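Here are my notes on this one, set out as numbered points. Have the model open while you go through them.

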Amino acid sequence: MLFAPDHGPALTVWAGLYNDAVVLRATGALDAAGAPVLHEHLQRLWDLPDLPVLIIDLAETAFCDSAGLGVLVTALQRSETRGTRLMLAGVGGVVARVLAVTGLRTTFTVHSDVADALRAATRRTARPGNEHLSSA
């Protein structure tokens with residue numbers, strides 16, 4: 001794995017589908033080198049015809065700079081345009097500080113972890129006839 005100076009490992013992104021939610025897990029540094037990696041994964045998702053919920057898991061994101069923040073803001077704008085509900089999960093450390101300092105913490109819907117975000121997504125997206133989405 002490549003290491004960026006002072007920022008830890010380069011960014012890797014994993015995607016998974018849970019009912020109507022896509023979860024992107026970003027691991028490493030969301031900086032000038034890593035931001036394009038997340039952006040590329042998001043671009044692929046925007047090609048999907050229907051994307052009700054997108055959760056970006058930042059629990060293992062060790063660093064975030066303005067480039068990474070720019071990708072997150074663009075994702076929020078694109079989600080709002082498409083009618084996709086965007087949630088951030090596992091926000092802590094540097095990422096939490098960056099969101100707080102920039103005043104964006106309240107702009108994003110933030111959950112403590114992916115499980116909490118999925119529970120919130122399930123409650124919000126459950127529709128009659130889709131009982132498999134209802135929370136127990």
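**Notes on the core, helix H3 and the charged pairs**

1. Let me start with a partner in one of the charged pairs: Arg-25 comes out at 28% relative accessibility, so it counts as partly exposed. Keep in mind that this is a predicted model.

2. The side chain of Arg-25 meets that of Asp-57 in a salt bridge, with N to O at 2.8 Å. Arg-25 sits in strand S4 and Asp-57 in strand S5, so this pair ties together parts of the chain that are 32 residues apart in sequence. The acidic partner is the one to look at: Asp-57 has 6% relative accessibility and therefore counts as buried, the cut-off being under 20%.

3. How many salt bridges does a search of the whole structure find? The count is three. Side chains of opposite charge can pair when their charged atoms come close.

4. Another of these pairs is in helix H1, where Glu-40 bridges to Arg-44 with the closest N and O atoms 2.4 Å apart. The two are four residues apart in H1, so about one helical turn separates them. Both ends are partly exposed: Glu-40 at 43% relative accessibility and Arg-44 at 47%.

5. Helix H4 (residues 114–125) has a pair as well, with Asp-116 and Arg-119 three residues apart and thus separated by about one helical turn. Here the closest N and O atoms are 3.8 Å apart. Asp-116 is partly exposed, with a relative accessible area of 22%, and Arg-119 is partly exposed too, at 44%.

6. Now for the interior. The largest nonpolar core has 28 residues, and Leu-38, Leu-42, Leu-54 and Ile-56 have the most contacts inside it. Two or more residues each come from strand S4 (21–30), helix H1 (35–46), S5, H2, S6 and H3. Apart from this core lies another one, of 11 residues, including Val-53, Val-114, Leu-118 and Ala-120.

7. Leu-38 is a good residue to click on. Beyond its neighbours within four places in sequence, Leu-38 is in contact with Leu-11, Val-13, Leu-24, Leu-30, Val-71 and Leu-72.

8. Also have a look at His-41, which is found in helix H1. The His-41 side chain reaches the backbone oxygen of Val-37 at 3.0 Å. With neighbours within four places in sequence set aside, His-41 is in contact with Val-13 and Leu-24.

9. Which residues of helix H3 (residues 93–102) are buried? They are Val-95, Val-98 and Leu-99. These three cover an arc of only 95° around the axis, which puts them on the same side of H3. The general rule is that an α-helix has 3.6 residues a turn, so residues three or four places apart point the same way. The other side of H3 has Arg-97, Ala-100 and Val-101, which are exposed.

10. What covers the buried residues of H3? The cover includes strand S5 (53–64), helix H2 (66–82) and strand S6 (85–89). After H3 comes Gly-103, with a positive phi near 80°.

Notes. Residues are numbered from 1 along each chain as its sequence is written. This is a predicted model: local features need pLDDT of at least 70, side-chain atom pairs count only at pLDDT 80 or more; totals for chains, interfaces and linings use all residues. Side-chain values use heavy atoms; hydrogens and water are left out. Buried means under 20% relative accessible area, exposed over 50%, partly exposed in between (1.4 Å probe, protein chains only). The arc is that of the directions from the helix axis to the C-beta atoms. Contact means heavy atoms within 4.5 Å. A nonpolar core is a set of buried Ala, Val, Leu, Ile, Met, Phe, Trp, Tyr and Cys residues joined through side-chain atoms within 4.5 Å. A salt bridge is a side-chain nitrogen of Lys or Arg within 4 Å of a carboxyl oxygen of Asp or Glu. A polar contact is a pair of N or O atoms within 3.5 Å; within protein, one must be able to donate a hydrogen and the other to accept it, and residues adjacent in sequence count only if both atoms are side-chain atoms.
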